[in-house]
Amino acid sequence: MHSSVKALVLRSVDYKETNKILTLLTAEDGKVTASAQGSRKRGSALAAPTQLLTYADMVLFEYRGRWSVKEAVIERQFRGVEQDVERLSLGCYFAEITELLAVEGMPAPELLSLILNSLHVLDRRPDKPLELVKAAFELKAMCLAGYEPILDACAVCGQEEPEEARFHLREGVLHCAQCRGEVGDGISMPLGPAALRAMRHIVYGPPKRLFSFQLDTPSLRQLSDLCEAYLMTQLERGFSTLDFFKQLHQPMQ
């Protein structure tokens, strides 16, 4: 059976002398594993379209439950990401998260759109701080995976603008400092007004304007730390690509 899809390469593993095993993300079928035979040969037509973080039109062929890439043409390459090791490491972190969250056989148009838009910003918007792009991706990815936090008001008393607001990482809720005892065990992180507005924009705002906000350095640092901690708490694991990004990235001053 043949299938024509647009796919983003989330992971590429060398196999034997000239082949690759790819993890792809498609809108229609979610995560797909496919081999790309001969793609590592010099001059192969599959070499460029099967590179990591490349978005391509692909023709896949299924035989005995296994997919292989028969044809592929590049739809979009993110050159600005490929040529900057810091941005590339962040893009790989996004891909690692996406691979974890995507499900084989389950359509993932919103998740595909999120990572493509995030890579586009890394590629074409040097004015956007990497911490901002990272935080927006992390929090929106959590929303798409079913971990959308409750940010409209304090989860205990209902106050829309909580005094000395805090965010509970395990429960995923906003609360006032004085309501802390009613939320439960676990870590609550402080959340200033600017960072709270940014979180609400990410969670409740239109996807096309996901990155259209600005924060001063302290508020952006707070947002970045909180979104990362929330993702790690909910997924209960770390990411080697994030560790590598942190080794490269100079913290905001």
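Strand β1 (residues 2-15) and strand β4 (residues 55-63) run antiparallel to each other and are joined by seven bridges. This pairing offers a convenient way into the structure, which is a predicted model. Two facing pairs help to locate the contact between the strands: Leu8 is set opposite Tyr55 of β4, and Ser4 is set opposite Val59 of β4.

The two strands belong to a closed barrel of five strands, whose order is β1-β2-β3-β5-β4 and whose pairing is mixed. On average, and with direction ignored, neighbouring strands of this sheet are turned by 50° against each other. Following the barrel from β4 leads to β5, and these two strands run antiparallel with nine bridges between them. Within that pairing, Ala56 faces Ile74 of β5. The connection between β4 and β5 is a hairpin with two residues between the strands, and Arg64, in the turn, has a positive phi of about 55°.

From β5 the barrel continues to β3, and here the two strands pair in the parallel sense over two bridges. Ala34 is found opposite Trp67 of β5. Strand β3 is largely enclosed by the rest of the structure, because six of its seven residues are buried. On to β2: this strand and β3 are antiparallel partners with seven bridges, and Leu25 stands across from Lys31 of β3. The pair forms a hairpin in which three residues separate β2 from β3.

The loop between β1 and β2 contains Lys16. With a relative accessibility of 63%, Lys16 counts as exposed. The C-alpha atoms of Lys16 and Ala165 are 54 Å apart in space, and the two residues are 149 positions apart in sequence.

Helices are packed against the barrel strands as well. Helix α2 (residues 85-101) lies across β1, β2 (19-26) and β3 (30-36), at about 115° to β1. Helix α3 (residues 109-124) lies across β1, β2, β4 and β5 (66-76), and its direction makes an angle of about 60° with β1. In total, the secondary structure of the protein comprises seven helices and eight strands.

Attention now turns to the interior. In soluble globular proteins, nonpolar side chains tend to be buried together. The largest nonpolar core here has 61 residues, and Tyr93, Ile115 and Leu223 are the members that touch the most others. At least two residues of this core come from each of β1, α2, α3, α4 (130-144), α5 (193-204), α6 and α7 (240-248). Helix α4 gives the largest share, with ten residues. A second core, separate from this one, has 14 residues, including Ala7, Leu22, Leu24 and Leu60.

Two residues show how parts of the chain that are apart in sequence come together. Beyond its neighbours within four places in sequence, Tyr93 makes contact with Lys134, Glu138, Leu231, Met232, Phe239, Thr241 and Leu242. Glu96 is part of helix α2 and, at 19% relative accessibility, counts as buried, since the cut-off is under 20%. With neighbours within four places again set aside, the contacts of Glu96 are Arg237, Phe239, Ser240 and Thr241.

Another residue, Thr217, is located in helix α6 (residues 217-235). Its relative accessibility is 29%, so Thr217 counts as partly exposed. Although Thr217 and Pro129 are 88 residues apart in sequence, their C-alpha atoms are 9.9 Å apart in space.

Finally, some values describe the protein as a whole. A compact globule of 253 residues would have a radius of gyration near 18 Å, and the value of 20 Å for the protein agrees with this. The C-alpha trace spans about 65 × 40 × 30 Å along its principal axes. Buried residues make up 50% of the 253. Among contacts with a separation of 6 or more, 60% are between residues 24 or more positions apart. The accessible surface comes to about 12,800 Å², and carbon and sulfur atoms account for 49% of that surface.

Key
Residues numbered from 1 in each chain as written. Predicted model: local features only at pLDDT ≥ 70, side-chain atom pairs only at ≥ 80, totals over all residues. Heavy atoms only, no water. Helix = DSSP H or I, 4+ residues; strand = E, 2+ residues; numbered from the N terminus. Buried < 20%, exposed > 50% of the residue type's maximum accessible area, 1.4 Å probe, protein only. Pairing = 2+ DSSP bridges. Axes fitted to C-alpha atoms, helices over the stretch in contact; angles between N-to-C directions. Contact = heavy atoms within 4.5 Å. Rg over C-alpha atoms; globule rule 2.2 N^0.38 Å. Areas by Shrake-Rupley, 256 points an atom, 1.4 Å probe, with all protein chains shown as cover. Core = buried A, V, L, I, M, F, W, Y, C linked by side-chain atoms within 4.5 Å.
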